[in-house]
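Visitor: Hi, I'm new to this one. Could you walk me through it?

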Amino acid sequence: MTTKGLVKTHYCIDEALFEKQSDLKSCRAILERFDKMSKVFSEMGTLYMVGGAVRDMVQGILPRDVDCTLELHPGKSINDVHKHTGCALSMGPVVGRNFPVLLYGGCEIAVCHDLYKDAVRRDFTINTMFLTCKQDPENKDNREILTIPGTWKDLNNGVLRMHGDMFQKFKDDPIRILRALRFAAGSNLIIEDNLHYKIHALRDLVKSPSVPKERVLLELIKGLICGNGYGFVKYLDEYELLEYFFPAVAALRGVDGAHYHHETVYTHVLNALKALDKVNLSFDLKLAALYHDVGKVTHELSDEGKVRFVGHDKTGKKLVEVDMKKWGFPKDTQKYVSTLVGNHMSMIGGKKSLMKLIIKLGKGGVSLKDFIWMKYADSRANMKTKTDFMYFWRMYKDCLKLLNPKHIPSVTDLTVDGHDVMVTLNIPSGKLVGDILKTLWQEYLDEKIENERPVLLKRMKEIYNEIVDKSEET
């Protein structure tokens, strides 16, 4: 075990740091699983839990995922470990390249021959934390954490610092620029001065065509759901990267929110994202909150001199689609975000309007609950008037009374079906039957007729006669 150059610190899990007993219990379960894994690999090397998982636990936070490093015993190789343990081999990204990793029990395990060298190659001091398995079988929390010097000081002072040759590390892997902004935002860390200036100087590296879009997309996703997506976007703006990653959002800077808001539209969309930051919601929803008013980049003046944003929801939908395609967002995400942005101005006036809305949202995979969350975020982002959360909660509960939001209304909800059409009109099964039902459904949605069986039976005869008359004319 090569620990020369690393600082050892005794570690016992601090129960007082955990706000939730469930998180504490889950952390203990993670440690117990890690100890069992350590025994599996003990003949091949020394296993360490590493990086963010360790950093989170010492701060009383339940880790989202767990990564490990196996320091191999002299003369051992990753293939030896693979053969001895039977665990799978895969390829994992590091500094923009691929290297073999072990997969065991859903955990990704990197291998090294020198723990100190593995520590110094890592980007930030707070990520150079290596947790050992329990030292004393009688004391389940008796462990050690190995770090490079200065790590604990940076962690306690809330400082994000990069150790070693920053220029070379950013050059090797430009994605570290986005990682720095994500860590600073998500953990509310102060970016150390030297790191700050280096990011400014080298920020264009991340725009290189050689940087894989998949890795960029992953960092953008992690940034928006890090618990402070608002801060992440602000950092992108500060380091002049917002125009590159979210051009439609950057274009809102300086656009006056007029009498609708007491802030610029840019501030408004960032505040909408901020309103959802601390809530455990999907990345897609948070991205939609950030983009919901991008259509306001185009506006007009009324005769009274007031700014108007006519059709900004439809314009915004088109702008969203352009930005999403640039980074290759999954098609489901593109569809979801454009649907929610394009319908965020919709109002719920009653059962019929609610049914229409659910149909529109359903086509993009958007739930009624997500729509209500968007309404809440839009309201909370308004510096002029803010509506209480309970107002929207009551709105949602009222919608549940009107209609089951999990059910997407369709032509099958009519009180007549294809059999009724064939019997009433004495026609065979075929396209005509479907066309008549679709016409009835559309007229019902347009509130031209009621969904009552006698009304629909009468109307289907009229529709059939209209179709026959048209065919005779042609």
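Guide: Sure. Let's begin with Ala 119, which counts as buried at 0% relative accessibility. Keep in mind that this is a predicted model.

Visitor: Okay, and where does Ala 119 lie?

Guide: Ala 119 is part of helix H4, which covers residues 115–121.

Visitor: How far is the C-alpha of Ala 119 from that of Ile 148?

Guide: Those two C-alpha atoms are separated by 7.0 Å, and the residues are 29 apart along the chain.

Visitor: What about Leu 368 and Lys 8, how far apart are their C-alpha atoms?

Guide: They are separated by 52 Å, with their positions 360 residues apart along the chain. Leu 368 lies in helix H18, residues 368–380. Leu 368 is buried too, at 2% relative accessibility.

Visitor: Switching topic. How many disulfides does a search of the whole structure find?

Guide: The search finds 0.

Visitor: Hm, why is there no bond for Cys 68?

Guide: Because the closest cysteine sulfur, in Cys 107, is 3.7 Å from the sulfur of Cys 68, and that is too far for a bond. A pair would have to be within 2.5 Å to count as a disulfide.

Visitor: And are Cys 68 and Cys 107 buried or exposed?

Guide: Cys 68 is buried, at 3% relative accessibility. Cys 107 is buried as well, with a relative accessible area of 2%.

Visitor: Got it. Now aromatics: how many aromatic pairs does the structure hold?

Guide: There are 16 aromatic pairs. One of them is Phe 283 with Phe 329, whose ring centres are 6.0 Å apart and whose planes sit at 10 degrees, so that pair is stacked.

Visitor: Which parts does that pair tie together?

Guide: Phe 283 is in helix H14 (residues 283–291), while Phe 329 is in the loop between helix H15 (312–326) and helix H16 (331–343), so the pair ties together parts 46 residues apart in sequence.

Visitor: Are those two buried or exposed?

Guide: Phe 283 is buried, with a relative accessible area of 10%. Phe 329 is buried at 3% relative accessibility.

Visitor: Which residues form an aromatic cluster?

Guide: Trp 373, Tyr 376, Phe 389, Tyr 391 and Phe 392 make up one aromatic cluster.

Visitor: What about charges over rings? Where does the charged end of Lys 326 sit?

Guide: It sits over the ring of Tyr 244, 4.3 Å from the ring's centre. Another case is Arg 182, whose charged end is over the ring of Phe 183, 4.9 Å from its centre.

Visitor: You mentioned H15 and H16. At roughly what angle do their axes cross?

Guide: Roughly 160 degrees, and the axes come within 7 Å. That makes H15 roughly antiparallel to H16.

Visitor: Is that crossing left-handed or right-handed?

Guide: The crossing of H15 and H16 is right-handed.

Visitor: Anything to look at inside H15?

Guide: Try Thr 315, which is found in that helix, H15. Thr 315 is partly exposed, at 27% relative accessibility. The C-alpha atom of Thr 315 is 8.0 Å from that of Lys 296, a residue 19 positions away along the chain.

Visitor: And how do H20 and H22 cross?

Guide: The axes of helix H20 (residues 418–425) and helix H22 (residues 453–473) come within 11 Å and cross at roughly 60 degrees. That makes H20 oblique to H22. H20 passes H22 in a right-handed crossing.

Visitor: Last topic, the loops. Which phi does Asn 188 have?

Guide: Asn 188 has a positive phi, about 50 degrees, although it is not a glycine. Asn 188 is in the loop between helix H7 (175–186) and strand S10 (190–191).

Visitor: Is Asn 188 buried or exposed?

Guide: Asn 188 is exposed, with a relative accessible area of 59%.

Visitor: What about Glu 240, what is its phi?

Guide: Glu 240 has a positive phi of about 55 degrees, and it is not a glycine either. Glu 240 is found in the loop between helix H10 (229–238) and helix H11 (242–245). With a relative accessible area of 44%, Glu 240 is partly exposed.

Key. Residues are numbered from 1 along each chain as its sequence is written. This is a predicted model: local features need pLDDT of at least 70, side-chain atom pairs count only at pLDDT 80 or more; totals for chains, interfaces and linings use all residues. Side-chain values use heavy atoms; hydrogens and water are left out. Buried means under 20% relative accessible area, exposed over 50%, partly exposed in between (1.4 Å probe, protein chains only). Rings of Phe, Tyr and Trp (its six-membered ring) pair if their centres lie within 6.5 Å; planes under 30 degrees apart count as stacked, over 60 as edge-to-face and the rest as tilted. Helices (H or I, at least four residues) and strands (E, at least two) are DSSP runs, numbered from the N terminus. A charge sits over a ring if NZ of Lys or CZ of Arg is within 6 Å of the ring centre and within 35 degrees of the ring normal. Axes are lines fitted to C-alpha atoms, for helices over the stretch in contact, and angles run from 0 to 180 degrees between N-to-C directions. Angles under 35 degrees count as roughly parallel, over 145 as roughly antiparallel, 65 to 115 as roughly perpendicular and the rest as oblique. A crossing is left-handed if the near helix is turned anticlockwise from the far one by less than a right angle, and right-handed if clockwise.
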